[in-house]
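I opened this notebook page to look up how the ligand is surrounded, how the core is packed and how one helix sits against its neighbours.

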Amino acid sequence: MNVKTPVPKEKTLDSTLALLKEGFHFLPSRRSELESDIFETRLVGQKAVVICGEKAAELFYDEALMKRDGAAPKPLEKSLLGEGGLHGLDDEAHKHRKRMFLSMVTPERLEDMKRLVRDELNRKADEWVNRDHVVFFEEMNDVLAVSGMRWAGLPLEDQDVKQRTRELAEMVDSFGGSLSRFRKGVKARQSQEKWVEGIIKAVRKGEMKLPENTAAYIVATHREMDGKQLPLQTAAVELNNSYRPLMATAYLLTFGAAAMHEHPDTVKKIRSGGEEYSKMFAQEVRRYYPFVPAMAAKARKDFSWNDYKFKKGTKVILDIYGTNRHPDSWENPESFIPERFKNWNESPFSFVPQGGGDHHMGHRCAGEWMTVLVMREVFKFLAEEVTYDVPEQDLSYDMHRMPTLPKSGFVMTNVKRKG
Ligand code: HEM
């Protein structure tokens, strides 16, 4: 880890606008200019300490030193995350809520998700063969929205599929600073929360019967540590947290499809390399391509780390994208090499596309296993079940936009089913 002493301060009144304008470039460029993996800046009118790398992630996920209450930017809660959900909880309240989430993602339920995704892919592929061209990103939004909502146990009427899918996509696309995307995300969240509040009420009153292992049933009947059910709005936020984040996978799947095109040897290996290769490929897509830029916490107390004095309440930002590409942990970090995961040491802090540390004890993503499973399923489907042409198109991605993806959305033509 590269630590300059004294820890450099960015010369700025406030860098919020620069962050929103520069997107995924912002943190790496400041680290390189200031020649340090730890530096001070100002964001949203407050001092913030930015840290990057494996050791930094270990600090960030040390609950004795960091907390989440009040750390997430308010606008993010209005659109992407929701208010009152487990992202902002600490200590026992967080662990109790986390157990609720982890009880949803049992091996059987992961198999259910795999089946749902495969069914949707098969349905879609039957349509693709009759279409001129297919924009893969849009198709994946449909596949994931329907699979996610069905998986969560939500009664989804055919005529509502389009609206609910659009809302979910808008919520995920809402972070990153565009006012119009943010507004759409807020509206979409309000509409989804209202919808799932109705479902939760019906389950609680016994008017709607759902299987007990579905997310909708689990959230509706969950009891907090005081023995009470979740307030209706919090329950809606948490139920949404059980299926909305799956939509983020559409971005990674599109990057992955582009990677298969740009590195054709990977397609053969996905076909012939069994379970091991598809997993390595999915991991490298999650490491290499940008999706989550950073996470925020607050120092729980005064303490010193690498000779830097953290003050209680200071905002601490972990550079997620930079940690996944940090040269201390990754050889040739700027190259796409799935095989690097063959003998990877499984550090919980060097590879943090969905957070770091422990899934059960900390804030690491509850849906990480599901994400990897779905990614592998889709990449295998592309490699094994269909053939397609990839016409001339712009596969570059804009690092200033958050979230970002290949500009064309990955267009496929002449899709055929194999066999
Ligand atoms: C590409 C897909 C996904 C990405 C990039 C992603 C990313 C993340 C990140 C960065 C965090 C925060 C970690 C932290 O606070 O330190 C998180 C937390 C979380 N994710 Fe995901 N996620 C994805 C998919 C999913 C899925 C499919 C689910 C649901 C099944 C899910 C449910 C959650 C929940 C409930 C949390 C809160 C965990 C906590 O605060 O304890 N995520 N995710």
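The entries below cover the ligand shell, the nonpolar core and helix α2, in that order, and they rest on a predicted model.

**Ligand shell.** I looked up which residues surround the ligand and found 24 of them, with P245, G355, H363, C365 and G367 as the closest. I then sorted the shell by residue type, which gave 13 nonpolar, nine polar and two charged residues. Asking which helices feed this shell, I noted that α5 (91-102), α11 (232-243), α12 (249-262) and α16 (368-384) each supply at least two residues.

**Nonpolar core.** I next turned to the largest nonpolar core, which has 113 residues, and in which I51, F60 and A216 have the most contacts. Its largest share, ten residues, comes from helix α7 (residues 136-152). I followed F60 further and, leaving aside residues up to four places away in sequence, found that F60 touches I51, M66, A297, V316 and L318.

**Helix α2.** For helix α2 (residues 26-34) I listed F26, L27, R30, R31 and L34 as buried. Seen down the helix axis, the buried residues of α2 fall within an arc of 125°, so they line one face of the helix. On the other side of α2 I found S29, S32 and E33 exposed. I also checked what the buried residues of α2 pack against, and recorded α1 (16-22), β1 (38-43), β2 (46-51), β5 (294-299), β8 (315-319) and α15 (320-324). Lastly, I noted that E35 follows α2 and that the phi of E35 is positive, near 50°.

Methods
Residues numbered from 1 in each chain as written. Predicted model: local features only at pLDDT ≥ 70, side-chain atom pairs only at ≥ 80, totals over all residues. Near = placed C-beta within 6 Å. Helix = DSSP H or I, 4+ residues; strand = E, 2+ residues; numbered from the N terminus. Nonpolar A, V, L, I, M, F, W, Y, C, P; charged D, E, K, R; others polar. Core = buried A, V, L, I, M, F, W, Y, C linked by C-beta atoms within 7 Å. Buried ≥ 20, exposed ≤ 12 C-beta atoms within 10 Å, placed from the backbone. Contact = placed C-beta atoms within 7 Å. Arc of directions from axis to C-beta.
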